[in-house]
Amino acid sequence: MQSIRLSDVLARVIQIHELTDPAVPAALFSAPQDTGVPFIQEIRYPLPSAKHSYTCFAKTKRAVWMGADNGLTRYEEAPQHEADRVMFFPAERNLADNCVKALYVPDENREEIWALTQTAVAHIILRTLSGEEKAEILTEETLSYVDRHGMVSQKDLTEPRKPASAVPHGHSDNSGTFTAGFAVGELCKYAYYKRTLGPAHEKTVRARASAVRSTEATLLLMYMPCRGNGFVARTYLTPNEPLPDDGLFYRIENGKAVCLDTSQARERGIAGKEIYAGGTIPQRLRHLFEDEGYTLDGLRYKGDTSSDEITHHFLLAYFTHMILGEEDKELDALMITAVKNTLQHIIDNGNRLIECDGEPTTWAKWDKGYFSELLGWSDGCLNAAELLMYHKVVMAISGETGKWKENYDRLVNAEGYAHLTTLHDSRFHISADVSGLEQVEELMYGDNMLATCAYWLLITLEEDEKLKETYRAGYRGWNGTFRREHNPIYDIPYMLSCPDDPVDTQMLADWFRRQDISRVCGSVSIEERRDVPVRYRFGGTKETSWLLMPDERGISKYDRNPYAFISAHNENGTQVLESCYVYTCAYWLGKYYGVIEED
Amino acid sequence: MNEIPKTHLIGNAHLDPIWLWRWTEGCGEVLQTFRSALDRLKEYEDFVFTCSSAAYYKWVEDIDPAMFGEIVERVKEGRWVPVNGWWVQPDCNMPSGESFARQALYSQLYYYEKFGRICSTGYNVDSFGHNANLPQLLRQGGMNAYVMMRPGAHENPDVPGTFLWESADGSKVLTYKIPTSYAVHSSGSLDEALALLDETAKKEGHGMMLFYGVGNHGGGPTRGDIEHLLTMMRRDGYSELEFSSPDGFFMELSLGMPDLPVWKDELQHHASGCYSATSLVKMLNRRAENALFASEAFATVANKTAGMQAKTADYKEAWRDVCFNQFHDVLCGCSIMEAYRDVRDSEGHAITISDRLQNEALLRLAHRIDTWVEGVSEPYTETRNQDARFPRPIVVFNPLSFPVKTPVRTYHPSSEVRDADGNAVPFQNVRSSRSNDSHLDTVFLAQIPALGYATYWLKGYDENNAAVLKTDVFAEGLTMENRFIKATFDKRTGAIVSLVDKESGFDYASAEKPVAVPVVIDDRKTDTWAHNVFRFHDVKGGMALQSIELIEAGPVRAVIRTKHSFGQSLLTQDFILGSEQRVLRVKCKARWAEDFTMLKMSFPVTGDNLINTCEIAADYIKRPANGEEEPMQKWTSVSFDNGARRTLALVNDGKYSYDCPGSDLRITLLRNVIFADHYSHRPAADFNFTDEGMQRFEYGISVFDGEAENSRIANEALAFNIRPTAIPESFHKGDMPQRHGFIEVHDDNILMTAFKLCEDGSGDAVMRLYESRGKETHTYVLCDMLDAGFRVDFMPHEIKTFRIDKNGRVSEVNFLEGVVPYYEE
């Protein structure tokens with residue numbers, strides 16, 4: 001199998017200073033301005049700004065830095081990594097504004113520069129780290145500022161670019177999904193450290209604690225609704241957290257739960273509806289809210305749960321069992337019970353996750369009725385793979401066969417679900433055509449991750465070689481949308497599942513190298529870049545004509561188009577902090593499976 | 001899935017503008033058919049008429065504007081449905097990728113201008129085969145579905161009926177293969193077709209299309225046909241019938257959520273003889289494609305840098321001629337002889353436009369180059385360079401997107417050649433084609449940047465004082481070699497008995513298995529198309545060597561000339577091995593007189609795991625070496641295992657057919673059969689033959705290790721076809737250097753097929769590139785004259801079109817250049 005070689009992982013460390021900040025070196029203000037860049041014509045490489053618009057420059061030992069009115073460019077004539085030849089630093093992610101007036105390099109032996117812009121000063125340092133150091137920095141940021149009762153999704157910031165200003169609340173519709181992804185990474189980290197450093201090593205101990213906490217937090221969502229039927233919550237809020245008008249929320253009190261008054265609840269006609277919540281939450285998991293002084297009564301959980309959550313919960317269940325199963329039998333048992341309950345719920349309800357009104361949730365349908373609708377018809381190939389995967393995970397971690405096996409075999413043979421997993425590409429194409437779109441425009445980008453979870457585990461757990469090949473064929477049907485992204489969270493599982501298929505490991509290494517060490521969001525000025533053509537898709541979607549490095553495109557989870565040709569200012573500004581799992585899950589998976597090699 | 005699969009009734013008229021008649025008659029046929037269709041639309045309120053080919057609409061618009069106005073109204077009503085956003089229904093194997101782009105560009109923009117819409121369905125119901133890159137070419141032209149008919153089930157039973165067709169880049173089009181005929185008419189035939197379609201619809205679970213209407217020579221649906229179908233609609237026992245269009249069919253098919261088979265291959269074969277019959281039209285097609293590429297690229301440069309007016313209208317006129325002559329019955333060589341006189345004239349028209357514009361562009365550019373030499377008091381205009389005081393500047397232009405190093409000829413002899421930096425350049429005085437004055441031309445080794453030029457200084461001829469530089473070329477006896485190739489010829493047969501790749505040391509030939517062996521094939525049993533014949537293996541005989549001699553052995557090139565005969569026919573081949581060239585060029589002159597024959601050049605190899613790789617439109621394809629006659633474009637090859645992976649490749653300047661029986665790669669050079677001989681019904685006559693008389697063509701031989709697509713063979717083939725142009729200049733001041741490239745494309749597997757001005761008159765430049773080796777490529781393009789530099793990712797096999805505005809801002813568009821909006825805003 002191919003491996004990803006990581007070396008010289010870069011990190012942009014950037015601080016924005018006010019113009020009057022005494023920390024700003026005075027030499028910056030006396031640096032020459034509007035002099036042009038004398039050697040610019042000799043640069044035979046596309047630059048983000050027009051050559052004539054560069055007005056100031058400064059040299060470090062390795063590179064030349066050039067300022068223009070649309071951002072700051074760093075050009076390295078002989079870079080160790082081709083992807084680093086040109087680096088671009090635009091507002092607002094890297095600068096306060098794009099109009100660069102002057103540059104100052106305090107020590108040309110260091111990749112450090114001060115950039116004076118119209119409204120502020122940016123102090124930029126390029127640090128070289130190991131992949132692991134970057135993972136640790138990111139994890140620290142997430143655990144310190146994003147963690148909410150053990151869940152990690154995102155937080156709003158009260159001050160731009162300052163993680164420490166994160167508000168205490170801030171849920172996400174997919175807290176379970178994102179936390180499960182984070183937990184898988186933490187589990188792999190723990191297993192890797194345990195294998196390489198030993199169980200008593202400080203890093204191992206810390207990794208285990210983090211892995212257990214995030215796993216428990218995810219698992220808690222499977223018990224939280226207390227409906228006694230395996231229903232899973234998307235997320236939950238403590239009483240002091242504001243309730244958004246977004247989806248269905250239930251407030252738990254005395255063994256009952258009341259559906260709260262939200263737009264969706266009213267539309268669905270269930271606002272105020274009281275339902276059973278007499279199930280119990282295992283003591284092992286209650287500490288997550290009790291330690292913070294809360295009781296079950298008064299907690300509000302979010303329903304209308306989607307297949308995204310369920311699929312990630314099952315992925316986590318598999319890793320929990322594989323990595324912690326032997327040493328934490330209590331957690332393992334809780335996980336096994338939870339996934340069995342959830343799968344039983346799905347089977348009992350005709351392959352659907354059912355809300356309190358007896359109707360399926362909006363996005364958790366794995367039944368053939370849904371598959372015969374136009375939307376479900378193209379969705380059905382992924383959903384079929386998901387449902388089959390749930391069965392395989394339950395059988396693998398519980399050791400039970402019986403009814404699970406019987407149902408799995410029925411789905412595979414009589415219901416045609418295995419064949420269905422192979423039809424994604426063609427169905428998806430036709431579906432996009434009907435909408436007048438190209439496939440990349442039709443895609444819900446989060447589906448790439450769902451397909452990864454589903455097909456990877458199916459291929460991993462299936463023992464029948466013929467079926468395994470069927471699932472591989474289905475997995476390959478997703479490769480068209482995976483492969484253009486060069487995202488290791490898709491490609492590492494793909495490499496493990498289809499080891500003979502080519503993957504661009506250099507691009508994957510660059511992906512790791514060029515992730516920022518903070519997940520503070522901030523839009524980037526792609527429209528201002530002259531080296532980035534805009535690509536028009538049939539349906540009008542605008543994309544970049546090449547895949548920008550992660551530190552030069554918008555920060556996002558795995559649910560956004562990395563080619564998005566976004567405008568200069570997005571709604572989030574620099575006041576949102578994302579979880580780090582995008583990096584850490586991929587990184588620790590790679591380390592755990594021996595796919596990543598570091599110098 | 002539909003519970004009651006519907007049969008969509010597609011009223012159409014198959015219109016061959018040329019076939020067993022000339023274009024003038026075809027034009028009349030179009031007018032008559034369109035009138036008839038409009039009348040039927042008046043008479044039957046549910047009737048829908050479908051018609052392809054923008055060229056036909058243009059004829060009607062020019063000749064009968066009133067009738068065209070009626071059509072516009074019917075299109076708005078949705079009852080007249082234009083399909084196939086191409087100028088005609090071309091042959092779908094031989095036009096280049098750029099030709100398909102132009103088919104779409106000029107047609108879809110025409111449709112958009114006249115009807116406010118473009119065609120979403122591609123439609124080539126009679127074309128004889130369909131290259132594997134068509135899904136991408138269709139989608140780039142704004143189409144997402146395709147209708148075709150050949151090969152039929154008897155010719156290739158593996159091709160599904162309704163399927164998703166996917167090209168190597170991943171593009172897909174919904175495709176419908178007509179199971180009956182594109183021109184069903186009369187009640188009996190309609191009944192028979194409906195029954196078949198009904199049965200198929202029930203079996204496959206989705207609707208079908210019935211193409212009805214008198215066709216080939218036009219006609220269209222008759223009252224009788226329509227009445228009969230109306231009667232059938234009222235009867236039970238058939239699936240639902242509906243007057244419809246291909247667009248309607250495909251939309252309903254998609255909404256029916258069908259699980260269709262996916263086809264990831266080409267669609268072959270129907271008429272295997274068509275890719276070699278009538279060499280004239282093939283050669284003209286290639287020449288026109290090549291000429292227009294070079295001309296338009298330099299006209300764009302001259303527009304941006306040397307004051308040349310935009311000539312988009314002229315290029316459109318020329319390209320439309322080329323596109324028209326790519327009509328399947330024309331380019332396939334199966335029309336009547338008289339039609340090819342018209343073809344020759346209209347291709348000549350296109351090439352003349354191209355050459356005139358190129359000449360203007362090159363002279364404008366050349367005049368800006370600083371060629372001033374101190375001591376020259378007046379601009380020198382002496383053309384024969386008799387005065388030896390000053391060397392003469394020659395500016396050599398290369399239109400390709402990669403630099404070239406190649407021998408270039410000028411029409412006078414020299415005693416010294418130097419480049420712009422004063423370095424001595426290898427040259428050689430060679431026998432000219434004229435019998436006048438010195439009888440000598442100069443051939444020198446030029447190095448020219450991508451889409452650029454280089455100036456060379458040629459000193460006047462002095463018989464006693466000619467500098468000779470040592471190079472890699474060496475020739476002695478019947479052996480010649482350069483740094484890449486060493487070839488030895490057999491004095492008895494003229495064949496090559498040793499062909500060594502000097503990089504690997506592997507010898508591709510031997511005395512027992514010589515290569516470059518001319519073979520005459522007996523082709524009496526086939527018709528012009530070679531219907532139902534897919535192999536041409538009946539060897540009539542080999543050609544006898546008349547003479548062989550080493551005629552040139554200089555530093556720039558060595559030449560061995562062979563002359564062979566067969567019956568009354570003669571073949572002269574000049575094997576030209578240039579300095580630092582990877583291709584052994586073979587310049588051929590055949591005086592052919594053998595009726596019912598095919599001439600092939602045979603290159604048997606020795607090894608295992610043979611596979612043929614050849615160029616198709618803007619891509620390549622790999623095929624089994626199974627002996628079937630196959631279409632190709634500028635190159636074909638055979639790769640095999642023998643110690644390592646070896647490849648022998650053949651390039652050409654106007655041939656489109658090869659086969660590979662056993663391990664013998666054979667390029668088909670001539671096919672001399674009766675014109676328009678349809679299923680060989682041959683009452684006695686003084687027949688005319690497709691390739692009789694004088695034929696001039698070139699092919700080239702290249703050998704290397706590794707798989708063909710991993711090599712530079714696509715570049716070599718392009719350079720073999722599109723050669724530099726040398727412009728003799730005078731002495732003058734200028735603001736441009738003596739050597740300059742106007743673009744840089746960083747990776748040479750990314751090939752440019754067009755550099756032009758946008759059709760909307762904005763002055764924006766349009767550049768089209770494609771990935772030629774099946775390799776994902778992260779590359780960049782620099783174009784200082786447009787103040788543009790941009791990076792771009794190519795997926796394997798991908799074609800990309802860029803539009804560069806006056807400020808150097810770049811957008812990626814499709815073949816329609818962003819002139820047609822992508823969606824309704």
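**Exercise 1.** How many residues does the contact take from chain B, and how many from chain A? Describe the chain B side by element and by class.

*Solution.* The model is a predicted one.

Step 1. Count each side: chain B contributes 32 residues to the contact and chain A contributes 30 residues.

Step 2. List the elements of chain B that give two or more residues to the side touching chain A: α8 (246-255), β42 (777-783), β43 (788-794) and β45 (810-813).

Step 3. Find the main contributor. On this side of chain B, β43(B) gives the most, with five residues.

Step 4. Sort the side of chain B that touches chain A by class: 15 residues are nonpolar, eight are polar and nine are charged.

**Exercise 2.** In which sense do strand β18 of chain A and β45(B) pair, and over how many bridges?

*Solution.* Step 1. Strand β18 covers residues 534-536 of chain A, and its pairing with β45(B) is parallel, over two bridges.

Step 2. Locate one bridge by residue: A:R535 has B:E812 of β45(B) as its bridge partner.

Step 3. Relate this to Exercise 1: β45 is also among the elements giving two or more residues to the side of chain B that touches chain A.

**Exercise 3.** Characterise the packing of helices α7 and α10 of chain A.

*Solution.* Step 1. Choose the descriptors. A packed helix pair is described by the angle between the axes and the distance between them.

Step 2. Read both for helix α7 (residues 307-324) and helix α10 (residues 374-398) of chain A: the axes come within 10 Å and cross at roughly 30°.

Step 3. Classify the angle. Angles under 35 degrees count as roughly parallel, and α7(A) and α10(A) are therefore roughly parallel to each other.

Step 4. Assign the hand: α7(A) and α10(A) cross in the left-handed sense.

Step 5. Identify the contact residues. From α7(A) they are A:S307, A:T311, A:F314, A:A317, A:Y318 and A:H321, and from α10(A) they are A:N383, A:E386, A:M389, A:Y390, A:V393, A:A396 and A:I397.

Step 6. Classify them: the contact of α7(A) with α10(A) holds eight nonpolar, four polar and one charged residues.

**Exercise 4.** How far apart are the C-alpha centres of domain 1 and domain 5 of chain B, and what makes up the domain 1 side of their contact?

*Solution.* Step 1. Fix the bounds: in chain B, domain 1 spans 6-270 and domain 5 spans 743-825.

Step 2. The C-alpha centres of these two domains of chain B are 31 Å apart.

Step 3. Domain 1 of chain B supplies 15 residues to the contact and domain 5 of chain B supplies 17 residues.

Step 4. On the domain 1 side, α4 (97-115) and α5 (134-140) of chain B are the elements that give two or more residues. Here α4(B) gives the most, with eight residues.

Step 5. By class, this side of domain 1 has seven nonpolar, six polar and two charged residues.

Notes. Residues numbered from 1 in each chain as written. Chains lettered and ligands numbered in written order. Predicted model: local features only at pLDDT ≥ 70, side-chain atom pairs only at ≥ 80, totals over all residues. Contact = placed C-beta atoms within 7 Å. Helix = DSSP H or I, 4+ residues; strand = E, 2+ residues; numbered from the N terminus. Nonpolar A, V, L, I, M, F, W, Y, C, P; charged D, E, K, R; others polar. Pairing = 2+ DSSP bridges. Axes fitted to C-alpha atoms, helices over the stretch in contact; angles between N-to-C directions. Parallel < 35°, antiparallel > 145°, perpendicular 65-115°, else oblique. Left-handed = near helix turned anticlockwise from the far one by under 90°. Domains from an automatic or database assignment.
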